[in-house]
Amino acid sequence: MPITSNEISVEVNGQVYTLPAGSTLGDALKVSRAPYIAGAAIGILKKAAEKRTEKITEYAINTPKGELRIEIKDPESTSGKLWAEHYKEYEGKDIHWESPEALAFGPFEADIKPSRETGNFEAFDVLFGAGGFDPHNTHLIMSRKRHSAEYGSPDDGVFASIVTGRKIISKISKEDSILSIEPVIEWERITEKTCTTDLSTPLEDEDSVYTYFEVELSRNAPVGAEHFYALTREGTLKVDAITSSFISDDSLREVPAPYENFEQRREGAISVRTVGYGTGRIYNSREERPSSLVHSVVGQVTKGLELIKLAEKGQKLSVESLPPQIVLLGHSFEEVEPLLSSIGVELIKEGYAGEDSVIVRQEPPTTLEILGEAKVKAYAVARAKLIEVELYTEIAPKSIDFFRHALDLKTKTVGKLPVHMIYETTYLFKTEKEMVKYKEILPENTPEKKVLAGEIGITNQAAKRMGTIGVRLIDDDLFGPTGEKFSSTNIIGRIVEPDRLKGIKEGDAIYITEVARKENGGQKN
């Protein structure tokens with residue numbers, strides 16, 4: 001049906017919808033039912049921005065050997081205009097000839113006036129050339145190294161140069177061809193764009209809307225993929241830093257991740273820094289970058305790359321991962337068995353198998369390894385043995401960071417904490433990781449008058465037993481949960497049901513999971 005004056009056509013994540021004139025972003029979400037997390041930013045690209053093709057100076061040329069990019073020197077030159085008007089016609093062209101000096105795609109007919117002059121060319125120059133000085137036998141020529149030749153080029157000669165993917169032209173052979181050519185929009189310079197959380201934003205005819213991006217995780221990086229799953233557990237990715245070449249989320253900074261996958265970082269590549277400054281940070285490439293020995297590639301954006309390019313610092317973006325994460329920890333055998341069966345994964349049960357079971361360990365530990373092996377071994381305990389904790393994030397952030405790191409709660413939903421010592425109503429725990437070697441525990445949220453029963457304390461560095469974690473089952477107005485004086489104790493949260501600790505013994509381990517904190521809980525006393 002044709003669009004009337006009372007209607008507008010809007011594209012949402014690639015699908016076109018007809019809406020009443022005056023519709024808002026919120027209206028488009030309702031009609032499209034697009035994937036979206038409340039509070040996440042949504043990108044809007046105006047149709048006017050796409051009419052900048054004549055000003056585009058960079059193009060991506062995809063070949064079987066990889067992608068290279070060329071930059072047009074002068075869009076107003078004869079060859080520059082010829083390229084802008086006809087570049088799509090060069091898709092599918094094979095290598096007609098190659099030499100150590102150059103290679104040529106074609107032939108094709110072009111409106112050029114060949115010159116018989118000998119030209120001097122630098123490595124990575126791009127030009128048109130007419131074989132036999134015949135415009136009907138024109139080729140797209142790419143120079144491999146400095147040389148001189150008679151190519152029958154127009155008088156303006158070289159019209160572009162290869163700016164990325166230069167190694168590719170040495171690998172291209174006669175079996176190769178041009179698969180596709182796409183203009184590279186200079187997103188930073190487009191003014192007709194926005195990224196907003198305001199659902200009352202009015203839309204115009206032919207607006208393009210992007211509500212989420214989709215990531216396919218790499219089976220070559222199962223641990224790194226799990227790192228990304230943990231980062232996006234709530235269905236969003238934060239934009240903590242932004243440059244022309246990437247956006248990054250620092251939520252898991254300092255959480256180590258192994259180097260698994262050496263791969264070129266294409267547009268939309270998801271990588272994790274594995275060593276040095278920013279270890280654990282997740283990067284999303286906005287433009288092509290070479291492989292790196294400190295960036296392990298864990299996935300690739302397959303939809304919604306436009307949203308990555310439109311995003312602004314401080315926003316969060318909706319994200320969907322493929323395959324979806326398999327989350328067993330914190331669930332019962334009864335809950336996970338039908339899901340695993342539906343995707344062809346065998347469940348091997350260990351530990352407690354009652355109706356109130358809760359899974360606290362699994363092997364293999366990652367989603368992609370589970371899918372690869374088509375089976376998973378899960379260990380469960382009675383739900384009464386899963387300790388639920390509320391953490392006082394606002395008033396003890398650094399101490400809680402230590403706690404989460406030590407128990408792997410930054411990347412998992414259930415953490416393990418060994419019992420170190422028990423006396424009377426006091427329970428002391430020591431983390432399996434030697435966190436005190438590289439994490440400071442400065443005094444933070446130290447008690448003033450009383451510690452309540454069930455509150456969790458960590459001995460800070462004012463005392464020798466720094467890093468000890470403790471809980472008491474009764475109130476105390478003299479000492480903290482680890483037996484230290486108040487000034488040496490940081491209060492980080494509370495156990496929801498402290499009586500669940502009764503019956504555990506020294507040498508046992510408890511399993512801990514976080515729950516949402518009640519309002520006003522954990523105020524300094």
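Buried here means under 20% relative accessible area. Keep that cut-off in mind for S321: with a relative accessibility of 17%, S321 counts as buried because it falls under that mark. This is a predicted model, and the notes below go from the whole chain down to single residues.

**The overall picture**

The protein has eight helices and 33 strands. Its C-alpha trace spans about 100 × 60 × 45 Å along the principal axes. As for the radius of gyration, the protein has 30 Å, while a compact globule of 525 residues would come in near 24 Å.

How much of the protein is buried? Of the 525 residues, 50% are. The accessible surface adds up to about 25,100 Å², and carbon and sulfur atoms own 48% of that. Take the contacts in the protein with a separation of 6 or more: 73% of these come from residues 24 or more positions apart. On the charge side, there are 66 positive and 84 negative charges, and their mean positions sit 6 Å apart.

**Helix α1 and its surroundings**

Helix α1 takes in residues 25–32, and L25, G26, A28, L29 and S32 are its buried residues. Looking down the axis of α1, you find these buried residues within an arc of 160°, so they line one face of the helix. What lies over them? The cover includes the strands β1 (7–12), β2 (15–20), β3 (42–45), β14 (193–196) and β15 (208–210).

L25 is worth a visit of its own. This residue of helix α1 counts as buried, with 0% relative accessibility. Setting aside residues up to four places away in sequence, L25 touches I42, I44, T196, D198, L199, T201, L203 and V209. You can also check L25 against V12: the two are 13 residues apart along the chain, and their C-alpha atoms are separated by 9.9 Å. Just after α1 comes R33, with a positive phi of about 50°.

**Helix α3**

The next stop is α3, made up of residues 78–86, where S79, G80, L82 and W83 are buried. Seen down the axis of α3, the buried residues fall within an arc of 160°, so they line one face of the helix. T78 and E85 are on the other side of α3, and these two are exposed. Among the elements covering the buried residues of α3 are β4 (58–63), β5 (66–72), β9 (125–130), β10 (138–143) and β13 (180–183).

**Backbone oddities**

Most residues other than glycine have a negative phi, and most peptide bonds are trans. That makes a few spots in this model worth a look.

Which residues does a cis peptide bond join at P107? The partners are G106 and P107, with omega at about 0°, and P107 lies in strand β7 (residues 102–108). Another cis bond joins L322 and P323, this time with omega at about -5°. P323 belongs to the loop between β23 (316–322) and α6 (333–342).

Then there are the positive phi values at E254 and N445, neither of which is a glycine. E254 is in the loop between β19 (246–249) and β20 (269–273), whereas N445 sits in the loop between β29 (426–429) and β30 (455–459). Is E254 buried, partly exposed or exposed? With a relative accessible area of 49%, E254 is partly exposed. N445, on the other hand, is buried, at 11%.

Here are the angles side by side:

| Site | Feature | Angle |
|---|---|---|
| G106 and P107 | cis peptide bond | omega about 0° |
| L322 and P323 | cis peptide bond | omega about -5° |
| R33 | positive phi | phi about 50° |
| E254 | positive phi | phi about 80° |
| N445 | positive phi | phi about 50° |

**Back to S321**

S321 lies in strand β23, the strand that precedes the loop holding P323. Which residues is S321 in contact with, leaving aside its neighbours within four places in sequence? They are V215, L217, F228, Y229 and T232. If you want to see those contacts in the model, start from S321 itself, a residue that counts as buried at 17% relative accessibility.

Terms used:
Residues are numbered from 1 along each chain as its sequence is written. This is a predicted model: local features need pLDDT of at least 70, side-chain atom pairs count only at pLDDT 80 or more; totals for chains, interfaces and linings use all residues. Side-chain values use heavy atoms; hydrogens and water are left out. Buried means under 20% relative accessible area, exposed over 50%, partly exposed in between (1.4 Å probe, protein chains only). Helices (H or I, at least four residues) and strands (E, at least two) are DSSP runs, numbered from the N terminus. The arc is that of the directions from the helix axis to the C-beta atoms. Contact means heavy atoms within 4.5 Å. The radius of gyration is taken over C-alpha atoms; the globule rule is 2.2 Å times the number of residues to the power 0.38. Accessible areas come from the Shrake-Rupley method with a 1.4 Å probe; for residues, only the protein chains shown count as cover. Lys and Arg count as positive and Asp and Glu as negative; His and the chain ends are not counted. The place of a charge is taken as NZ of Lys, CZ of Arg, CG of Asp or CD of Glu.
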